[in-house]
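Reader: I should like to study a protein model by asking about it step by step. May we begin with the structure itself?

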Amino acid sequence: MTGPLDPDQARALLRQADGAAATARAGASWPHIAGLMGLGAASSLALVALAYVPPTLLWLPLTLLFAWVGALFVFAGRFGRAVKRGFGRRWTLTLIIWGALWIVAVFGTSWWFADQPWFLIASALALTVTAWVGAWAEASR
C-alpha cells in the first residue's frame, strides 16, 4: 500500500490480523500437548513393567521409556513452532512435578513398597494424571 488507509481498509486489515492471530493460537502447542500425553503413557507403563520384569531385564523398559520420551521431545521441539503465552511456566511446572513423582515411584516400587500393588497403581495413576493435567492446561489456554 502506498498511501494512507481509509478507515474501512484499516478495519479490514485489523480483522485479517485478528483472524491470523486466532488461528496461530489455536494451532500452537499441539506437539507439546501430544508430548505430555505420551510422557504420561510411557512413564506409567514403564513403571508397571519395572515392577514386574526380572532384575536382569530392567534395562529393557527403561531403554524403551527413554527412547519414546526422547522421540516425543524431539518431535515437540522440531514441530512445535509456536506456543501459547505462559507455556514455559506450565511446561516447567508439569515436568518438575512429573520428575519428582517418577523418582518417588521408582524408589517406592523398587524398595520402599516393593511388591505392593496399591503403591504401583497409585504411582502410575499419579504420573498419568500429572501428564493429563499438564496437557489439559496447555490445550485450554
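**Reading a predicted helical model**

Author: Residue G35 is buried, because its relative accessible area is 2%, under the 20% cut-off. The model is a predicted one.

Reader: In which helix does G35 lie, and what separates its C-alpha atom from that of A71?

Author: G35 is part of helix α2, which covers residues 30–52. Along the chain, G35 and A71 are 36 residues apart. In space, their C-alpha atoms are separated by 8.9 Å.

Reader: How many helices and how many strands does the protein chain have?

Author: Read from the N terminus, the elements run α-α-α-α-α. The secondary structure therefore comes to 5 helices and 0 strands.

Reader: What percentage of contacts between residues at least 6 apart in sequence join residues at least 24 apart?

Author: A contact here requires heavy atoms within 4.5 Å. Counting contacts in the protein chain between residues at least 6 apart in sequence, the share that joins residues at least 24 apart is 77%.

Reader: Which helix supplies the largest share of the largest nonpolar core?

Author: The largest nonpolar core has 16 residues, and L47, L65, W102 and L127 have the most contacts inside it. At least two residues of this core come from each of α2, α3 (59–79), α4 and α5 (117–140). The largest share, 7 residues, is that of α2.

Reader: Which residues does L47 touch, leaving aside those up to four places away in sequence?

Author: L47 is one of the residues with the most contacts inside the core. With residues up to four places away in sequence left aside, L47 touches W102, A105, V106, T109, L120, S123, A124 and L127.

Reader: Is T109 buried or exposed?

Author: T109 has its place in helix α4, residues 87–112. Its relative accessible area is 13%. Because this value is under 20%, T109 counts as buried.

Reader: Which backbone oxygens does the side chain of T109 reach?

Author: A polar atom of the T109 side chain lies 2.8 Å from the backbone oxygen of A105. The side chain of T109 also reaches the backbone oxygen of V106, at 3.4 Å. Both distances are within the 3.5 Å cut-off for a polar contact, and the oxygens asked for belong to A105 and V106.

Reader: Is D115 buried or exposed, and where is it found?

Author: D115 is among the residues that T109 touches. The backbone of D115 has a positive phi of about 65 degrees, although D115 is not a glycine. Its relative accessibility is 75%, so D115 counts as exposed. D115 is found in the loop between α4 and α5.

Reader: Is W112 buried or exposed?

Author: W112 is found in helix α4. The relative accessibility of W112 is 54%. Because this value is over 50%, W112 counts as exposed.

Reader: Which residues make the nonpolar surface patch, and which helix gives the largest share of it?

Author: The patch has an area of about 790 Å² and is made by I103, V104, F107, W111, W112, F113 and W118. The largest share of the patch, 5 residues, comes from α4.

Reader: What share of the exposed area of the protein chain do carbon and sulfur atoms supply?

Author: Of the 141 residues of the protein chain, 31% count as buried. The chain exposes about 9200 Å². The share of this area supplied by carbon and sulfur atoms is 72%.

Notes: Residues are numbered from 1 along each chain as its sequence is written. This is a predicted model: local features need pLDDT of at least 70, side-chain atom pairs count only at pLDDT 80 or more; totals for chains, interfaces and linings use all residues. Side-chain values use heavy atoms; hydrogens and water are left out. Helices (H or I, at least four residues) and strands (E, at least two) are DSSP runs, numbered from the N terminus. Buried means under 20% relative accessible area, exposed over 50%, partly exposed in between (1.4 Å probe, protein chains only). A polar contact is a pair of N or O atoms within 3.5 Å; within protein, one must be able to donate a hydrogen and the other to accept it, and residues adjacent in sequence count only if both atoms are side-chain atoms. Patches are made of residues with over 30% relative accessible area and no salt bridge: like charges are joined within 9 Å, nonpolar side chains (Val, Leu, Ile, Met, Phe, Trp, Tyr) within 5 Å. Accessible areas come from the Shrake-Rupley method with a 1.4 Å probe; for residues, only the protein chains shown count as cover. A salt bridge is a side-chain nitrogen of Lys or Arg within 4 Å of a carboxyl oxygen of Asp or Glu. A nonpolar core is a set of buried Ala, Val, Leu, Ile, Met, Phe, Trp, Tyr and Cys residues joined through side-chain atoms within 4.5 Å.
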